Amino acid sequence: SKACILRPLEAPLRYLFGPGPSNVPPRILAAQGRPIIGHMHPEMFEIMNDIKRGIQYIFQTDNNMTIAMSGSGHAAMECAVFNTVEPGESVLVAINGIWGERVAEIAERMGANVHRMVKTPGGYFSNKEIEQVGKKHKPVLFFLTHGESSAGLCHPVDGIGDICRKHNCLFLVDTVASLGAAPIFMDKQNIDILYTGSQKALNAPPGTAPISFNDRACHKMFNRKTKPVSYLFDMTHLSNYWGCDGQPARVYHHTGPVSGFFALRESLAVIAEKGLEESWKKHKEVASYLYRGLEDLGLKLFIPERDLRLPSVTTIAIPDGYNWKELLAYIMKHHQMEMTGGLGPSIGMVMRIGLMGYNCEKVNADMALHALADALKNCKKSKA
């Protein structure tokens, strides 16, 4: 029966202090609410051109092959793998949380020969290890997560691009959880393919995913023997839709998320106005403030080395004697606030608090700490 759909839409007002999506500022919600235009109108192409420039700025790159995927971070993840790898080719994936696991599965599904380097959540890889394993497997692509949100780790990137270059391998980096919150320099750090999502520190609604390919990646991508397994994510078509292929005309491929692009453009404008360095500084400051408050509550931070912590998503070890699901349910029920448990391999190891983009304010850190303190006081400790 249609009775349920006839009720007015209800969506609660919540404080999204988990790993994303984040709360979206009114200015970006308003941009998304503008009247729709056609996805092939010249005005839309103009907006897409602006988005491209904005992504080049936040990625710190001059790459011409810079676009936003229609879809969330996973769309960019699949696009990167599907376009640069052919069946049977060797791919090396660094796994220290859920995102490496996902990329390994995506690469296996399209027929790549996948090699995994695995650490428990919170672990990280030395450049020496990466080079040794790389020499052994001779991959065409090496994947690393910069912002491993399931563990709260921000992985060092310096020097890895040089190693990949030396061994003729493409360096693919996931910055979905870190972009705008922690410094990354695509060109300076020799990153061949970089992507992020719209819904974290960029504080736009979920649904668009910026991605950029440098000339090395383009050379591999556009000199394939086989076509990519996905038509939707095929960069020969997408590069035309985004005006990156030098062709005089853009030809219809698929309908981009027009409202999503409005919101993404506005969110890039917000970061450009504030300045990227300012955004990095703010996330670091608010995170440090949160660490102090958590330690004052007697909680233990999951990543011991401060420099390896992801500023956007903070992980705490589950406090002894508590049921983490109960704590989170209490915080949601009594404070209308989302915090989450782990994800993938970190389930049962951590609780996660995200303060990013619009939510990255000390007043929000105070609210989160207050809610946690309340939960610790009112949730029963188990005998275990």
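**Exercise 1. Establish where Thr314 sits in this predicted model, whether Thr314 is buried or exposed, and which residues Thr314 touches.**

Solution. Begin with the contacts: leaving aside residues up to four places away in sequence, Thr314 touches Leu290, Tyr291, Leu294, Leu301, Met351, Arg352 and Ile353. Next, place the residue in its element, which is strand β11. Then turn to accessibility: Thr314 counts as buried because its relative accessibility is 3%, and the cut-off for that class is under 20%. As a last step, take a distance across the model, where Thr314 and Gly207 are separated by 107 residues in sequence and by 24 Å in space, C-alpha to C-alpha.

**Exercise 2. Work out the strand order of the open sheet of three strands, and find which strands form its edges.**

Solution. The order is β11-β14-β13, and the pairing is antiparallel. The edge strands are β11 (313-317) and β13 (340-341), since each of these pairs on one side only. Now look at how β13 is attached: two bridges join β13 to strand β14 (residues 350-354), and the two run antiparallel. For a specific residue pair, take Gly341, whose bridge partner in β14 is Met351. As background, the strands of a sheet pair through backbone hydrogen bonds, in either a parallel or an antiparallel sense.

**Exercise 3. Decide whether Arg352 is buried or exposed, and state which UniProt annotation covers this residue.**

Solution. Arg352 has its place in strand β14. With a relative accessible area of 3%, Arg352 is therefore buried. From the record, an unreviewed UniProt entry, comes the annotation "binding site", which covers Arg352. To connect this residue with the first exercise, recall that Arg352 is among the residues that Thr314 touches.

**Exercise 4. Describe how strand β2 is covered and how β2 pairs, and then follow Met69 into the nonpolar core.**

Solution. Strand β2 (residues 65-70) is mostly covered, with five of its six residues buried. Its pairing with strand β10 (residues 208-213) is antiparallel and extends over six bridges, and within this pairing Ser70 stands opposite Thr208 of β10. The next step is the core: the largest nonpolar core has 79 residues, and Met69, Phe142, Ile211 and Phe213 are those with the most contacts inside it. Helix α3 (residues 42-59) gives the most to this core, contributing eight residues. A second core, separate from this one, has 30 residues, including Leu328, Ile331, Cys360 and Ala365. Finally, list the neighbours of Met69: not counting residues up to four places away in sequence, Met69 touches Ala75, Ala76, Cys79, Gly207, Thr208, Ala209, Ile211, Phe233 and Leu238.

**Exercise 5. Find the volume of the largest pocket, the residues nearest its centre, and the helix that gives the most to its lining.**

Solution. The volume of the largest pocket is about 440 Å³. Its lining is made up of 22 residues, and of these Cys154, Ala182, Pro183, Lys284 and Asp307 lie nearest the centre. Helix α11 (residues 276-296) gives the most to the lining, with five residues. The general idea behind such a search is that rolling a probe the size of a water molecule over the atoms shows where empty space is left.

**Exercise 6. Examine the backbone at Pro21, Asn190 and Asn203, and say in which loop each of these residues is found.**

Solution. Start with the peptide bond between Gly20 and Pro21, which is cis, with omega about 0°; Pro21 is found in the loop between β1 (15-16) and α2 (26-32). Continue with Asn190, whose phi is near 55°, a positive value in a residue other than glycine. Asn190 is found in the loop between β8 (170-174) and β9, and Asn190 counts as buried because its relative accessibility is 16%. Asn203 likewise is a residue other than glycine with a positive phi, here near 40°, and its place is in the loop between β9 (193-195) and β10. At 7% relative accessibility, Asn203 therefore counts as buried. Its contacts, not counting residues up to four places away in sequence, are Asn23, Val24, Pro25, Ile28, Ser198, Ser267, Gly357 and Tyr358.

Terms used
Residues numbered from 1 in each chain as written. Predicted model: local features only at pLDDT ≥ 70, side-chain atom pairs only at ≥ 80, totals over all residues. Heavy atoms only, no water. Buried < 20%, exposed > 50% of the residue type's maximum accessible area, 1.4 Å probe, protein only. Helix = DSSP H or I, 4+ residues; strand = E, 2+ residues; numbered from the N terminus. Pairing = 2+ DSSP bridges. Core = buried A, V, L, I, M, F, W, Y, C linked by side-chain atoms within 4.5 Å. Contact = heavy atoms within 4.5 Å. 1 Å grid on protein atoms, 1.4 Å probe; cavity = no way out; pocket = protein on both sides within 12 Å on 5 of 7 lines; lining within 4 Å. Points joined across faces, edges and corners; volume = space filled by probe spheres on them. UniProt positions renumbered as here; feature names shortened; annotations may be inferred.
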